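Subject: A structure for you to look through

Hi there,

Here is the structure I promised to pass on to you. Please open it beside this email and follow along as you read.

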Amino acid sequence: MNEKEKLASLFSSLADAVETGSFGEKFPIGLTIPGSEHGEEELVKAAILAQSTQTNIEVVLIGGKAISGFKHYPASTLEEAHAQMDTLLANGTIKASVTMHYNFPVGVATVGKVITPGRGKEMILSSTTGTSDTNRYKAMLLNVISGIAVAKANGIADPTVGLLNIDGIALIEKAINKLNENGYRVRYAESSRADGGARMRGNDLLQGTCDVMVCDTLTGNLLIKMFSSFLTGGDYEAQGYGYGPCVGAGYSQVVGIVSRASGAPVIAKALQFVAQSVRGNLATIYAEELAKAKKAGLDALLEDMPGAKPVTSASEEVKMPPKKTVTEGIAGIDVIEIEDACKELWKAGIYAESGMGCTGPVILVSEEDHAKAVEIVKAAHYI
């Protein structure tokens, strides 16, 4: 081939790439077909949609019928499809996969992505299936790192992190503050509500106030279902990117999850989300983030979470001081520590009651004791 022919060939290739939007090699990503509540046709529709809108993705079908234009590997059931998928991942035939109803080992959780109805903004939810740890509090702290890693792998260089205002989140906020003090930077989002703060309310969920919303897995799973199907009556997930790619220390394969109720639009976007996460070196980024967090004292913070250590002694008996009228509140204390914080004040001779405000648990004290009570609970690291 002479120079003129080489140039003609090059220009022809570039023209094709511009027309199709496809530059470089296609990215093979598996999609298991059996198991959907909407029938196998819905999965095939998703594969066609994904390849037509993301021309650099090559969807490999696992199970179901062979379809013209797609590589296909046979499997009769979802269990067989999972076994076939694992083999294809292990031998490198596919770089990642999307499936449903898949069991991850403990220590591996998925990080999902939704489109918020208030602003139409994309927001990452960490986590949505699996579990980062059997201890809920340790899992939520690890979910901070997982969410940041997924955000960075998907092009958000410095993601903002919000903490969903659920039971236990005050402990997570305190632990993150320690990590920040020790050199692992977590950039907090600010709630859209007037009182601000890193703890996100329902309003923030709807508006997508943060890039990464941290929660426990069961809450995240419920939220994904609501965000994806709130306009369809719940039986067809039509919005968002699914339950996301899995993340976990030492787990090399990247498997993304959708629900058996997920429709073609969600599955197509899930394929895109998982492919981009792998292309963005999710596993490497997570390992780096985890190493930096460990250097900042993550392991010690994890072991200090409630339930992380066996109880070795009975709780100290503390006598309640004489009752007073309580009109002032101290917020920011986790619900599982609220009674212990009250007893800390009782030991100092201050009458205190536990309560629940609209933004979470509070300690109620008298106006005259309020300033001293705040000092005591701060000194005891309850806030």
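Below is what I found in it, going from the whole chain down to single residues.

**The whole chain**

Please keep in mind that this is a predicted model. The chain has 383 residues, and 49% of them are buried. Its secondary structure comes to 12 helices and 15 strands. If you lay the C-alpha trace along its principal axes, the spans are about 95 × 45 × 40 Å. I also looked at contacts between residues with a separation of 6 or more: 70% of these join residues 24 or more positions apart.

**Helix 2**

A good place to start zooming in is helix 2, which covers residues 40-53. Does its length make sense? You can check what span its 14 residues should have at 1.5 Å a residue. The expected value is 20 Å, and the end C-alpha atoms are 20 Å apart, so the two agree.

Which residues of helix 2 are buried? They are Glu42, Leu43, Val44, Ala46, Ala47 and Ala50. A bit of background helps when you look at that list: an α-helix has 3.6 residues a turn, so residues three or four places apart point the same way. Try picking out such pairs on your screen. The buried residues of helix 2 pack against strand 1 (27-32), strand 2 (57-62), strand 4 (96-100) and helix 8 (264-279).

**Leu61, a residue in strand 2**

Strand 2 brings us to Leu61, which is found there. Is Leu61 buried or exposed? Its relative accessible area is 1%, which is under the 20% cut-off, so Leu61 is buried. Leaving out residues up to four places away in sequence, Leu61 touches Leu31, Ile33, Ala47, Ile67, Phe70, Lys71, His72 and Tyr73. You have met one of these already: Ala47 is among the buried residues of helix 2. As a distance to try for yourself, Leu61 and Lys45 are 16 residues apart along the chain, and their C-alpha atoms are separated by 12 Å.

**Strands 5, 11 and 12**

Next, have a look at how some strands pair. Strand 5 (residues 108-115) pairs with strand 11 (residues 244-247) in the antiparallel sense, over 2 bridges. In this pairing, Thr110 stands opposite Cys246 of strand 11. Strand 11 also pairs with strand 12 (residues 255-258), again antiparallel and over 2 bridges. Here the bridge partner of Pro245 is Gly256 in strand 12.

**Strand 6**

Strand 6 covers residues 122-131 and includes Ser127. The peptide bond from Ser126 to Ser127 is cis, with omega near 15°, so do find it on your screen.

Gly130 lies in strand 6 too. With 34% relative accessibility, Gly130 counts as partly exposed. Apart from its neighbours within four places in sequence, Gly130 is in contact with Val108, Ala109 and Thr217. Gly130 and Val111 are 19 residues apart in sequence, while their C-alpha atoms are 9.5 Å apart in space.

**The cavity**

How many cavities of 30 Å³ or more does the structure hold? There is 1. The largest cavity contains about 40 Å³ of space. Its lining is made up of Lys113, Val114, Ile224, Phe227, Ser228, Glu237, Gln239, Gly240, Tyr241, Gly242 and Val266. Strand 5 and helix 7 (217-229) are the elements that give two or more residues to this lining, and helix 7 gives the most, with 3. Sorted by class, the lining has 5 nonpolar, 4 polar and 2 charged residues.

**Two backbone angles to check**

Finally, here are two residues other than glycine with a positive phi. Asn281 has phi near 65°, and it sits in the loop between helix 8 and helix 9 (282-295). Asn281 is partly exposed, with a relative accessible area of 47%. For His381, phi is also near 65°, and this residue lies in the segment after helix 12 (370-379). Is His381 buried or exposed? At 55% relative accessibility it is above the 50% cut-off, so His381 counts as exposed.

Enjoy exploring, and write back with any questions!

Best wishes

Technical notes. Residues are numbered from 1 along each chain as its sequence is written. This is a predicted model: local features need pLDDT of at least 70, side-chain atom pairs count only at pLDDT 80 or more; totals for chains, interfaces and linings use all residues. Side-chain values use heavy atoms; hydrogens and water are left out. Helices (H or I, at least four residues) and strands (E, at least two) are DSSP runs, numbered from the N terminus. The expected span of a helix is 1.5 Å times one less than its number of residues. Buried means under 20% relative accessible area, exposed over 50%, partly exposed in between (1.4 Å probe, protein chains only). Contact means heavy atoms within 4.5 Å. Two strands pair if DSSP finds at least two bridges between them. On a 1 Å grid over the protein atoms alone, a cavity is a set of points where a 1.4 Å probe fits but cannot get out, and a pocket is an open set with protein on both sides within 12 Å along at least five of seven lines; lining residues have an atom within 4 Å of a point. Grid points are joined across faces, edges and corners, and a volume is the space filled by probe spheres set on the points. Ala, Val, Leu, Ile, Met, Phe, Trp, Tyr, Cys and Pro count as nonpolar, Asp, Glu, Lys and Arg as charged, and the others, Gly among them, as polar.
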